[in-house]
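This report describes the fold of one protein chain and the confidence attached to its parts. It should be read beside the sequence and the coordinates.

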Amino acid sequence: MKTITLSLLVACTTLSLPTLAQMNHTMPGGMVMAGEPMGKPAAKSDMGEGLIKKVDIAKGTVTLQHGALPNGMPPMTMAYKVKDVAMLDKLHAGQKIRFATDPADGGMTVTKIELVK
Ligand SMILES: [Cu+2]
């Protein structure tokens with residue numbers, strides 16, 4: 001069990017294997033990502049909370065320490081891609097945010113960020 005948890009964390013953190021990461025984020029018996037229509041941006045409580053650890057504008061990624069997410073992802077620290085790099089302009093490490101992810105790729109891309117005050 002520890003090995004499985006560790007490899008999931010590694011896959012999630014490195015982001016070097018998008019397909020694998022996507023598989024790891026598809027929870028059996030939970031929400032099925034594949035085949036869902038993409039047209040519904042904001043279901044009611046699809047926002048998770050996180051703390052920004054790092055912003056990388058060159059890569060278009062933001063590293064978040066997040067709690068358990070509505071899509072079933074357990075608490076962890078990981079690098080997310082962002083849908084639009086311009087989203088990163090106002091962000092920096094240490095900010096608390098609420099964010100939404102795109103179910104189309106298993107929740108690996110942040111589509112929306114709101115600062116928490
Ligand atoms: Cu995660």
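## Two exposed loop residues

Asp84 is exposed, because only 11 other C-beta atoms lie within 10 Å of its own, and a residue counts as exposed at 12 or fewer. The model is a predicted one. Asp84 belongs to the loop that links β3 (76–82) with β4 (96–101). Its C-alpha atom lies 7.7 Å from that of Thr111, although 27 residues separate Asp84 and Thr111 in sequence.

Ala68 is placed in another loop, the one between β2 and β3. Ala68 is exposed too, since 12 other C-beta atoms are found within 10 Å. When residues up to four places away in sequence are not counted, Ala68 touches Pro74 and Pro75. Between Ala68 and Glu49, 19 residues apart in sequence, the C-alpha to C-alpha distance is 8.3 Å.

## Overall organisation

The protein chain contains two helices and five strands. Read from the N terminus, the order of the elements is α-α-β-β-β-β-β. The chain has 117 residues, of which 23% count as buried. Of the contacts between residues at least 6 apart in sequence, 51% join residues at least 24 apart.

## The barrel and its strand pairs

How are the strands arranged? The five strands form a closed barrel in the order β1-β2-β3-β5-β4, and the pairing is mixed. On average, neighbouring strands of this sheet are turned by 50° against each other, with direction ignored. Strands of a sheet pair through backbone hydrogen bonds, in either the parallel or the antiparallel sense.

Strand β1 (residues 47–56) is antiparallel to β2, and six bridges join the two. Within this pair, Asp56 has Thr61 of β2 as its bridge partner. Strand β1 also pairs with β4, in the antiparallel sense and over five bridges; here Gly48 is matched with Phe99 in β4. Strand β4 in turn pairs with β5 (residues 109–115), again antiparallel and over five bridges. Thr101 stands opposite Val110 of β5.

## The nonpolar core

Which residues touch the most other members of the largest nonpolar core? Among its 13 residues, they are Val62, Leu64, Tyr80, Val82, Phe99 and Val110. The elements that give two or more residues to this core are β2 (61–66), β3, β4 and β5.

Phe99 therefore appears both as a core member and as the bridge partner of Gly48, and core members are by definition buried. Leaving aside neighbours within four places in sequence, Phe99 is in contact with Met47, Gly48, Gly50, Val110, Lys112 and Ile113. Val110, one of these contacts, is also listed with Phe99 among the core residues that touch the most other members.

## Confidence in the model

The average pLDDT of the protein chain is 78, and 62% of the residues score at least 70. Where does pLDDT stay under 50? One such stretch is residues 6–24, for which the model has 20 contacts beyond four places in sequence. Another is residues 26–30, with four contacts beyond four places in sequence. The contacts modelled for residues 6–24 accordingly belong to a stretch where pLDDT, the predictor's confidence in each residue, stays under 50.

Technical notes:
Residues numbered from 1 in each chain as written. Predicted model: local features only at pLDDT ≥ 70, side-chain atom pairs only at ≥ 80, totals over all residues. Helix = DSSP H or I, 4+ residues; strand = E, 2+ residues; numbered from the N terminus. Buried ≥ 20, exposed ≤ 12 C-beta atoms within 10 Å, placed from the backbone. Contact = placed C-beta atoms within 7 Å. Pairing = 2+ DSSP bridges. Core = buried A, V, L, I, M, F, W, Y, C linked by C-beta atoms within 7 Å. Axes fitted to C-alpha atoms, helices over the stretch in contact; angles between N-to-C directions. pLDDT = per-residue confidence, 0-100.
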